[in-house]
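Welcome! Below is a protein to explore together, with its sequence and its structure side by side. Take a moment to turn it around before reading on.

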Amino acid sequence: MRLSNIPLLRPWAALSLATLIGLSSGADTDQWKTLKPQANAIRELLSLDGTWNFALPQSREIEEDQGWTSVIPPKLQIPVPASYNDIFTDPAIRNNVGWAYYQRHAIVPQTWSEGRYYVRFDSVTHEAKVYVNDEEVGGHVGGYTPFEVDLTDLVSPGEQFRLTVAVNNILTWQTIPPGEVVTNEAGKLRQDYNHDFYNYAGIARSVSLYSVPDVHVSDVTVTTENDDEGNEGTVNYSVETSGSNDTQARVTLIDEDGNEVAEASELEGSLNVSPVNLWQPGAAYLYTLRVELLSDDTVVDTYDLPVGVRSVRVEGNQFLINGKPFYFTGFGKHEDSPVRGKGYDPAYMIHDFELMKWMGANSFRTSHYPYAEEVMEYADRHGIVVIDEVAAVGLNLGISAGLRGDEPPKTFTEDKVNNETQKTHAQALRELIHRDKNHASVVSWCVTNEPASAEDGAREYFQPLVELTRELDPTRPVTFTNVMGATVDKCLISDLFDFLSLNRYYGWYVQTGDLESAEVAMEEELLQWVDEYDKPIIMSEYGADTLAGLHAVDEVLWSEEYQTNLLRMSHKVFDSIDSIVGEHVWNFADFQTPHTGVNRVDGNKKGVFTRERRPKAAAHELKRRWLDEGFPKLGNGTSGA
Ligand code: GCB
């Protein structure tokens with residue numbers, strides 16, 4: 001589906017799960033089914049990151065403009081990976097609505113004459129069309145998950161080719177996340193959307209060329225089981241190959257010291273390890289699952305997958321990791337930094353993890369979209385727990401209408417969030433789970449952030465998506481974040497989920513400036529959820545906008561003291577309620593937002609760090625709390641980080 005073609009609308013309310021699953025995958029091709037490339041004795045991997053040429057189209061219609069059929073001059077050059085919006089000084093680029101072109105030349109090495117080779121995009125936001133010389137060879141819809149194009153029959157080894165990527169940043173009611181393009185009073189296109197982060201666009205993650213042999217590993221899926229003590233562990237695995245089902249294989253599990261601890265010779269099976277080193281929060285242990293494909297005892301392909309053995313389940317009002325109650329400390333985050341926008345940056349990534357470790361944060365939510373694969377790998381390696389969220393944010397017209405004091409329009413209607421949106425949403429879930437299914441750090445899927453869950457149509461929209469999520473991965477608990485106002489008596493979907501995630505702004509958007517009243521109101525509401533559901537509750541967002549450096553003796557909004565006091569007040573309430581199993585402060589760092597709201601001053605300032613990652617007073621408050629040995633909620637074997 002192209003973003004630029006708004007599909008015909010059909011009544012969607014009668015959609016059943018069977019219908020949904022009976023639909024095609026929602027993508028035109030299976031270019032999204034890409035296993036992360038790696039270099040080893042058999043496979044090669046070349047980065048195409050660096051400086052590309054860049055241009056906006058002369059006209060709005062990509063078919064008319066056909067910018068890819070010519071060489072884009074190096075007048076404007078752009079770093080990959082990065083969002084394009086903040087790189088240049090020209091407002092036409094920053095505020096572009098529609099297509100933009102990236103181009104570079106590349107060569108498939110002469111030595112890759114055997115086997116197949118691909119170009120892989122870790123993400124292009126939000127839609128990509130890929131051209132090799134003058135020909136369109138592939139594309140992808142969805143700004144936060146990878147895709148690849150098989151180049152084998154398109155370019156010869158040793159041949160230089162022109163690689164052009166047309167990038168579209170348009171959001172419609174049928175994209176995830178949704179949005180709407182309007183023509184403003186001055187006759188210009190403007191992208192509107194209902195989420196509170198800037199619509200950064202571009203080639204935000206790495207691009208690579210990679211080679212594989214003809215018969216190769218095309219996918220690996222693992223699930224793990226273990227007893228709570230770590231005496232016995234099992235790695236269930238299943239390997240897909242480009243060859244036939246009777247491809248010979250050797251599958252080995254290797255421990256961190258390089259010892260083989262289990263071996264099998266089938267493409268699907270279970271490997272037992274006893275005793276097993278468990279993957280634990282704050283104490284990660286990763287085995288390597290090495291898959292080798294054989295032909296007459298010669299290894300023809302090999303792929304290494306890091307595997308953490310751990311179990312996750314919800315029991316009563318507890319969230320258990322390896323059978324022990326886990327209490328989440330940490331944040332809702334964003335991929336956001338100055339100049340790069342949403343571009344992947346390893347320095348910011350590792351620094352963020354180090355700051356979280358410094359203050360005892362053991363977890364985060366990938367609010368509000370899948371993060372770079374490197375982030376997930378780092379979380380696996382360092383024992384950080386992740387709630388993995390799909391980019392389904394802004395399925396709620398009530399929030400911004402509420403802020404303007406308008407009567408909220410309906411969200412789930414034929415001309416807004418409809419059955420086509422649901423199809424895109426289902427595909428986004430497929431792509432997220434396909435990409436992240438093997439990460440030990442991922443303990444839950446979050447299928448949406450703050451939808452209009454109290455509105456008619458919410459249940460019909462979400463029930464099939466929750467069922468699809470469970471079908472795609474029966475091993476991880478499923479959640480969504482509930483918006484303030486969709487209270488226990490009004491929310492139509494909370495019973496569908498394994499645990500509750502509540503975003504609450506007591507003391508900020510309500511009871512503003514009055515923390516005493518906020519405490520009473522928050523406790524009262526949380527106890528209603530506890531009474532209604534015997535489920536764990538994570539406080540998935542709470543916080544206050546804070547201008548770093550603004551200090552006050554009294555309770556002054558936007559001051560560092562107010563943010564600290566609001567967190568303290570919230571923690572007092574959380575500590576008094578058993579079912580609260582986690583606290584994710586909104587947000588880790590200040591981040592950029594659309595420039596269309598008067599309630600944001602150069603972005604959202606609810607970070608406990610500034611956008612440049614300098615701590616506000618709240619960071620020290622959280623550090624004191626989360627690393628305090630007497631912290632009432634940690635214990636039971638869970639650790640800070
Ligand atoms: C929310 C949203 C988040 C916003 C935040 C805020 O509930 O989930 O995306 O940034 O509130 O600061 O208003």
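A polar side-chain atom of Trp586 sits 3.0 Å from an oxygen atom of the ligand, and that is a good place to start our tour. Keep in mind that this is a predicted model.

**Around the ligand**

Trp586 has company. Two further residues, Asp196 and Arg600, also place a polar side-chain atom by a ligand oxygen, at 2.5 Å for Asp196 and at 3.1 Å for Arg600. On its own the ligand would expose 320 Å², and the protein buries 91% of that area. Which residues of the surrounding shell come closest to the ligand? They are Asp196, His368, Glu450, Tyr509 and Lys606, out of 13 residues that surround the ligand. Sorted by class, this shell holds five charged, four polar and four nonpolar residues.

**The annotated domain**

The UniProt record, an unreviewed entry, gives residues 312-626 the annotation "domain: Glycoside hydrolase family 2 catalytic". Across residues 312-626, helix makes up 34% of the chain and strand 17%, while the C-alpha atoms at the two ends are 22 Å apart.

**Open and closed spaces**

Next, look for empty space. Rolling a probe the size of a water molecule over the atoms shows where such space is left. The structure holds two cavities of 30 Å³ or more, and there are pockets to look at as well. Here are three of these spaces with their volumes.

| Space | Volume |
|---|---|
| Second largest pocket | about 930 Å³ |
| Largest cavity | about 200 Å³ |
| Second largest cavity | about 40 Å³ |

The second largest pocket, with its volume of about 930 Å³, is lined by 38 residues, and those closest to its centre are Asp219, Thr221, Glu240, His434 and Lys437. Several elements give two or more residues to this lining: strand 8 (147-150), strand 12 (207-212), strand 13 (217-226), strand 14 (233-241) and helix 7 (419-436). Which of the elements gives the most to the lining of the second largest pocket? That is strand 13, with seven residues. The lining of this pocket comprises 13 nonpolar, 13 polar and 12 charged residues.

The largest cavity has a volume of about 200 Å³. Its lining counts 19 residues, with Lys333, His334, Glu335, Met349 and Asp352 closest to the centre. Helix 4 (residues 346-358) gives the most to the lining of the largest cavity, namely five residues. By class, the largest cavity is lined by eight nonpolar, seven charged and four polar residues.

In the second largest cavity, the lining consists of Lys333, His334, Asp336, Asn587, Phe588, Ala589, Asp590, Phe591 and Arg613. Four of the lining residues of the second largest cavity are charged, three are nonpolar and two are polar.

**Details of the backbone**

To finish, follow the chain itself through some loops. Where is Pro81 found? Pro81 lies in the loop between strand 3 (77-80) and helix 3 (91-94), and the peptide bond from Val80 to Pro81 is cis, with omega near 5°. A cis peptide bond also joins Ile176 and Pro177, where omega is about 0°; Pro177 belongs to the loop between strand 9 (160-168) and strand 10 (179-183). Asp296, in the loop between strand 18 (287-295) and strand 19 (298-307), has a phi near 50°, a positive value in a residue other than glycine.

Definitions and conventions. Residues are numbered from 1 along each chain as its sequence is written. This is a predicted model: local features need pLDDT of at least 70, side-chain atom pairs count only at pLDDT 80 or more; totals for chains, interfaces and linings use all residues. Side-chain values use heavy atoms; hydrogens and water are left out. A residue is near a molecule or strand if one of its heavy atoms lies within 4 Å of it. A polar contact is a pair of N or O atoms within 3.5 Å; within protein, one must be able to donate a hydrogen and the other to accept it, and residues adjacent in sequence count only if both atoms are side-chain atoms. Accessible areas come from the Shrake-Rupley method with a 1.4 Å probe; for residues, only the protein chains shown count as cover. Ala, Val, Leu, Ile, Met, Phe, Trp, Tyr, Cys and Pro count as nonpolar, Asp, Glu, Lys and Arg as charged, and the others, Gly among them, as polar. On a 1 Å grid over the protein atoms alone, a cavity is a set of points where a 1.4 Å probe fits but cannot get out, and a pocket is an open set with protein on both sides within 12 Å along at least five of seven lines; lining residues have an atom within 4 Å of a point. Grid points are joined across faces, edges and corners, and a volume is the space filled by probe spheres set on the points. Helices (H or I, at least four residues) and strands (E, at least two) are DSSP runs, numbered from the N terminus. UniProt positions are given in the numbering used here, feature names are shortened, and annotations may be inferred rather than shown by experiment.
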